[in-house]
Amino acid sequence: MGKNRWLKIAGVAGIAAAVWIGVPKGIGAAPSMFADVPSSHWAYEKIMWSKDQGIASGYPDGTFKPSKSVTEAEFLVMLLRTYPELQIEAAKAGEVWHAPYYRLAKELNLQVKQQPNESITRGHAAQLMTGMMGTTFTVTEAVQFMLDEGFAEGKNGSGVEGFAPNDTLTRAEAQTFFFRLKQGERVEDASAKEDENVIQQEALAPSAIELQGVQIGDSEADVIAALGQPNRKDKISSDMTWYIYNRDLKKYAQVGIMNQEVVALFSNGAGWRFGGEGKGTGLADLRSRADKLWGESVGSSYNVVYYQMDDIEITLFTDDQENGRVDGIFVTNNSNFDDVYSINVTEDTLKAYELQVFDLTNTFRVSKGLKPLTWNEKAAVAARLHSEDMGVRDFFAHTNPDGKSPGDRMAAQGLTKFKATGENIAGGHINAIDAHYSWLNSPGHRNNMLTSGYTTLGVGVKFINEVPYYTQNFYTPL
């Protein structure tokens, strides 16, 4: 049944090799403060967060200029940098520095005005931010949405008019907006929210498991109503597609859709609720509460514990490096899901697993207070070639039979100048989630994923003779 899909495929047990780490060369931290942003500044936390995330930097004189107005180009660049999973190409010869961002904005259907040097208004900024959520609003609609969802509050009073949509946006205000979008912080009446949660909890059936308002058996339309359009759709078979929600890495969610119905849920972040419990518990202390929720476990293996509730299977992924706490949950409907992984692997499947490994690595880093990595396609090419080589030539190691190391393979793809490099490999794991937790529970691989000095990552997945091979290549350029 379901347990086996986490353990092996074609008789090969999932394994992870000893980590390979390149020689770091003096990675240092940037200054933590700006001369004109004291710790007492109203936006201090948001500005420091933005700096640490690589969204906005200061000026050569050591200032941030928090009250300076933001141009459309500056705002667009910072907004897109807020989503590190987006791949932004370098400017072409002779192009202005912001041209790649405007091209990407066009692909995302963002309502830019093509006025890069003009100061952006608060209303236009609201349009662009809501556009990143897959909506096309007028200024008034965008502002109202931001207010309703708690991403913003009035500047001069309540309502759309109080938001001051025609005022120019300052650098400090922009960082506050970005912080709220990514961290899930809302401006709201806490007591009213608590009352709302109580009502929702009372309405949740004792046996229900819910992720951000979505349950097994919900329709695709229910998912869109609860979470909006997914940030990515990962097609892993002719019938099965993962809807990926990764804009807020602390609320990362995968919703499995088959025949327009939810058949699987996975998350290692916030948003879980379980029937019969008090509200707000989520993953905290779940290992000690699970038996009370779902009865005695039906099995366990390595870092995985299984529960069964009618036709629902609950898989708990634990973190053995942190006293077995539950790090993520995978919930499936067995009647529809058993055959999902008995598939003919396609290029879509491989790409989906690569991006999921990338996302899961970043959710892990963010949960530990680290900056997420950016995608490195050249490192990914090196990783794909190594995964394929291990399967074809039947070896499992960082150094291949020709004596080539991970550094050699990345250099062959043009990544020759580096501060630090590293590699994780794994084999036999049936999907990206399983591979991720094998690394998370291995100290060497875990340290690689949590190395603060790494800035980019490429992932390569190949199935050879029905056996999956995974490679992560970490790379920090000079």
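A residue counts as buried when its relative accessible area is under 20%. F64, with a relative accessible area of 0%, is therefore buried. The model is predicted. This briefing covers aromatic pairs, charges over rings, helix 12 and salt bridges.

**Aromatic pairs**

- The count of aromatic pairs comes to 15.
- F34 and F64 make a tilted pair, because their ring centres are 5.1 Å apart and their planes stand at 45 degrees.
- This pair links distant parts of the chain, 30 residues apart: F34 lies in the loop between strand 4 (20-21) and helix 1 (44-52), and F64 in the loop between helix 1 and helix 2 (72-81).
- F34 has a relative accessible area of 10%, so F34 is buried.
- F358 and W375 form an edge-to-face pair, with 5.3 Å from centre to centre and 85 degrees between the planes.
- Distant parts of the chain are linked here too: F358 belongs to helix 12 (residues 347-367) and W375 to strand 15 (residues 374-375), 17 residues apart.
- Both F358 and W375 are buried.
- One aromatic cluster is formed by W272, F274, W294 and Y307.

**Charges over rings**

- K65 places its charged end over the ring of Y59, 4.8 Å from the ring centre.
- R247 has its charged end over the ring of Y83, 5.7 Å from the ring centre.

**Helix 12**

- Of the 21 residues of helix 12, 17 are buried, so the helix is largely enclosed by the rest of the structure.
- At 1.5 Å a residue, helix 12 should span 30 Å, and its end C-alpha atoms are indeed 30 Å apart.
- At the start of helix 12, a side-chain oxygen of T346 comes to within 3.2 Å of the backbone nitrogen of D348.
- G369, which follows helix 12, has a positive phi near 80 degrees.

**Salt bridges**

- The whole structure holds 20 salt bridges.
- D359 and R232 meet through their side chains in a salt bridge (3.0 Å, N to O).
- That salt bridge links distant parts of the chain, with D359 in helix 12 and R232 in strand 6 (residues 232-235), 127 residues apart.
- D359 and R232 are both buried.
- A salt bridge joins the side chains of E322 and R325 (2.6 Å, N to O).
- E322 is partly exposed at a relative accessible area of 25%, and R325 is partly exposed at 29%.
- E322 and R325 belong to a network of salt bridges that also includes D319, D327, K368 and R446.
- R393 and D402 form a salt bridge through their side chains (3.0 Å, N to O).
- R393 counts as partly exposed at 35% relative accessibility, while D402 counts as exposed at 53%.

Terms used: Residues are numbered from 1 along each chain as its sequence is written. This is a predicted model: local features need pLDDT of at least 70, side-chain atom pairs count only at pLDDT 80 or more; totals for chains, interfaces and linings use all residues. Side-chain values use heavy atoms; hydrogens and water are left out. Rings of Phe, Tyr and Trp (its six-membered ring) pair if their centres lie within 6.5 Å; planes under 30 degrees apart count as stacked, over 60 as edge-to-face and the rest as tilted. Helices (H or I, at least four residues) and strands (E, at least two) are DSSP runs, numbered from the N terminus. Buried means under 20% relative accessible area, exposed over 50%, partly exposed in between (1.4 Å probe, protein chains only). A charge sits over a ring if NZ of Lys or CZ of Arg is within 6 Å of the ring centre and within 35 degrees of the ring normal. The expected span of a helix is 1.5 Å times one less than its number of residues. A polar contact is a pair of N or O atoms within 3.5 Å; within protein, one must be able to donate a hydrogen and the other to accept it, and residues adjacent in sequence count only if both atoms are side-chain atoms. A salt bridge is a side-chain nitrogen of Lys or Arg within 4 Å of a carboxyl oxygen of Asp or Glu.
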